[in-house]
Structure formats: structure tokens, C-alpha cells
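The following exercises invite a reader to examine a molecular structure step by step. Each task is followed by a worked solution.

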Amino acid sequence: MNPKQRENLRLLILSTINMARGYGVPMDGIRMGLPPQMRQLDDDDLRAEVQYLIDKGFVALEGKVISPENREWKITAEGRDFLATEGLA
Amino acid sequence: MKPRSDSKLKTLPEERQEQIIAWARTQKTEEHPGGLAYAREQLAADGLKVSMSTLSEFVSWYGLQQRFSKAASRANQVAELLQQRNPDMEPEHVRKLAQSIFTLEALDSGDADTFVNLEHLKLAQDSAQTKADLERQKISISRQRLQILTCEKFLEWSADAKAREIAEGSGSRAEKIEALGRAMFAEDWD
């Protein structure tokens, strides 16, 4: 994946999480918002990009979970502001 | 800042987006190609030029947007209902249930109505459990009161010469109980 594709992937993940209107989105939900070729990515690869968005302050983990497979992520105010500046919200 | 190509359609007013989706769902006829190609033609006629991939991505995005929006709306309704029916329920618990409803609806991996019914059943069971716990507590208190009463009676009657005579006298255990009962409760013993 080249840098442009990676940037696009991050934006798609953020846009998908934003659609949940404040609710947390699980990994399967995030995958639904990706084009077919990106849906093939491993959970670990997608989690790494979600972690990047967390580090940027755009996304937060929803609630307390023990199992990684049950994680859900929700958008932060900063994430919504960023999408707005990109013309995506 | 130059707007992203995929934001052209995503930021259009809702009714305009609905129109694009309607075009994209149009069947092919002799007059027009139908589907995405038809939607693209119509947009171009309106002065909005987009690629097929942008249009395709928009259609997927719109579908997911609708799905998530419906899921969030359903979750909000359930949360409101739960809070109304169970005013004592912790807001954090309601929020968690609403999140579960959202996830079930958004992923279409379950029946939210079943989930809500199960939650109500669980609440009812919790309530029944509370009642059973209270009953157990009442029984425990009654037993304790009986034990205290027995001890009081023992202290009272151990100092009584007649009772001591019966207890220490001959006769079977049943006969002693009968005699003590009559001595203690008189006519109430029968």
C-alpha cells in the first residue's frame, strides 16, 4: 500500500466511524465502509490504522473491553472537525 | 483548499443524494443505460462530472450511511424506552445496551427486538431474584428470632424447679417434651 492509499484508508475508516453518530463501531462495521480491495486487509492491519487515528486524537475506544475482537471505536470532536476540514462531514 | 473528489457527492443536500441513488437504481431501458452510467449521465447534464469509481463509492457510502443512521436512531429509541421503563437503571448501563443495539443493527447480525426482550426478561429475572433474596432474608430473620426465643425460654425454664424436674426425670424424650409443653403453654399446647 502506497502512502496515498494509506491516507485514503485512514479517511475511509474515520468516515465510517463518523457515520455511527457517536456510537462505537466494531471492526466488522469498519470493514463495511471500505472498498472491496481494502476489505481483504487483516484485522491487525486495520487495527494499526485505527491506532494511528487514536494517536491523532480522532478516534477513541468505546467502553472497557477485555477481548480485542470485541473492540468498538467512536469518533471524537477532533475527528469530526478534521473530516469537516476535508469536506467529508 | 481543493475539495476531495469523493466529497463532491457526499456533501450534497440529502434530497440531491436521494435523487442520485434513484438514478443509480434505475433499470436499463432503450432510452438510457440505467444504473451508475445513467446516474453519471444525469449528473453530467446537471454540470457535475464524476468518475464511475467516485459514483460507485458514493452509492456504497450512502447505503452504509443510511444503515448506520437507522441503527443509531433505533439504539436511541431503545435507550429512551429503557430509561422510561426503568428510571432507576444506571445511565451507563443504558448507554451500554444502546451501544449493543447499535452494533446488532449496524452489522445486521442479530434481531434487536429479541435482544430488547431478552434484556427485559433479564430485568424481570433480576427483580424476581431480588424478591427471592428478600424472602430468604425474611426466613433467616424468622429462624434467628425463633432461636433467640428458644434460648430465652431455656434460660427462663432452667431456673424453674418444675421444668428441671421434668427434664431430669425418667420417661422417654417424647414424654418429657409433652410434659414440658403442657407446663410451658398450658391449654395452648393442644
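The exercises below concern a predicted model and proceed from its chains to its helix contacts.

**Exercise 1. Describe the secondary structure of chain A and of chain B.**

Solution. Begin with chain A, which has five helices and three strands. From the N terminus on, these elements are arranged as α-β-α-α-α-β-β-α. Turn next to chain B, where eight helices and zero strands are found. Its pattern along the sequence is accordingly written α-α-α-α-α-α-α-α.

**Exercise 2. State what share of each chain is buried, and what share of its contacts joins residues at least 24 apart in sequence.**

Solution. Chain A comprises 89 residues, of which 34% count as buried. Chain B comprises 190 residues, and 16% of them count as buried. For the second part, consider contacts between residues at least 6 apart in sequence. In chain A, 51% of such contacts join residues at least 24 apart. In chain B, the corresponding share is 35%.

**Exercise 3. Determine how confident the predictor is in chain B and in the complex.**

Solution. The mean pLDDT of chain B is 78, and 69% of its residues reach 70 or more. Among the elements of this chain, helix H2 (residues 14-24) of chain B has the highest mean pLDDT, 92. The lowest mean, 60, belongs to helix H6 (residues 112-158) of chain B. For the complex, the predictor gives an ipTM of 0.87 and a pTM of 0.64.

**Exercise 4. Characterise the contact between the two chains from the side of chain A.**

Solution. First count the participants: 18 residues of chain A and 18 residues of chain B take part. Next, locate the largest share on the side of chain A: helix H2 (residues 27-32) of chain A supplies it, with three residues. Finally, sort the residues on this side by class, which gives seven nonpolar, six polar and five charged.

**Exercise 5. Analyse how helices H1 and H5 of chain A pack.**

Solution. Helix H1 (residues 3-18) of chain A and helix H5 (residues 77-85) of chain A have axes 10 Å apart, and their packing angle is about 115 degrees. The crossing of H1(A) with H5(A) is left-handed. On the H1(A) side, the contact involves Leu14(A), Ser15(A) and Asn18(A). These meet Gly79(A), Arg80(A) and Leu83(A) in H5(A). Classified by type, the contact of H1(A) with H5(A) contains two nonpolar, three polar and one charged residues.

**Exercise 6. Establish the relative orientation of helices H3 and H4 of chain B, and list the residues in their contact.**

Solution. Helix H3 (residues 35-45) of chain B and helix H4 (residues 52-85) of chain B have axes that come within 10 Å and cross at roughly 110 degrees. Angles of 65 to 115 degrees count as roughly perpendicular. H3(B) and H4(B) are therefore roughly perpendicular to each other. H3(B) contributes Leu36(B), Ala39(B) and Arg40(B) to the contact, while H4(B) contributes Met52(B), Leu55(B) and Ser56(B). By class, the contact of H3(B) with H4(B) has four nonpolar residues, one polar and one charged.

**Exercise 7. Decide whether Glu18(B) is buried, exposed or partly exposed.**

Solution. Glu18(B) is part of helix H2 of chain B. Its environment holds 13 other C-beta atoms within 10 Å. A residue counts as buried with 20 or more such atoms and as exposed with 12 or fewer. Glu18(B) is therefore partly exposed. As a further step, compare its position with that of Tyr62(B), 44 residues apart along the chain: the C-alpha atoms of Glu18(B) and Tyr62(B) are separated by 8.9 Å.

Terms used. Residues are numbered from 1 along each chain as its sequence is written. Chains are lettered from A and ligands numbered from 1 in the order in which they are written. This is a predicted model: local features need pLDDT of at least 70, side-chain atom pairs count only at pLDDT 80 or more; totals for chains, interfaces and linings use all residues. Axes are lines fitted to C-alpha atoms, for helices over the stretch in contact, and angles run from 0 to 180 degrees between N-to-C directions. Helices (H or I, at least four residues) and strands (E, at least two) are DSSP runs, numbered from the N terminus. A crossing is left-handed if the near helix is turned anticlockwise from the far one by less than a right angle, and right-handed if clockwise. Two residues are in contact if their C-beta atoms, placed from the backbone, lie within 7 Å. Ala, Val, Leu, Ile, Met, Phe, Trp, Tyr, Cys and Pro count as nonpolar, Asp, Glu, Lys and Arg as charged, and the others, Gly among them, as polar. Angles under 35 degrees count as roughly parallel, over 145 as roughly antiparallel, 65 to 115 as roughly perpendicular and the rest as oblique. pLDDT is the predictor's confidence in each residue, from 0 to 100.
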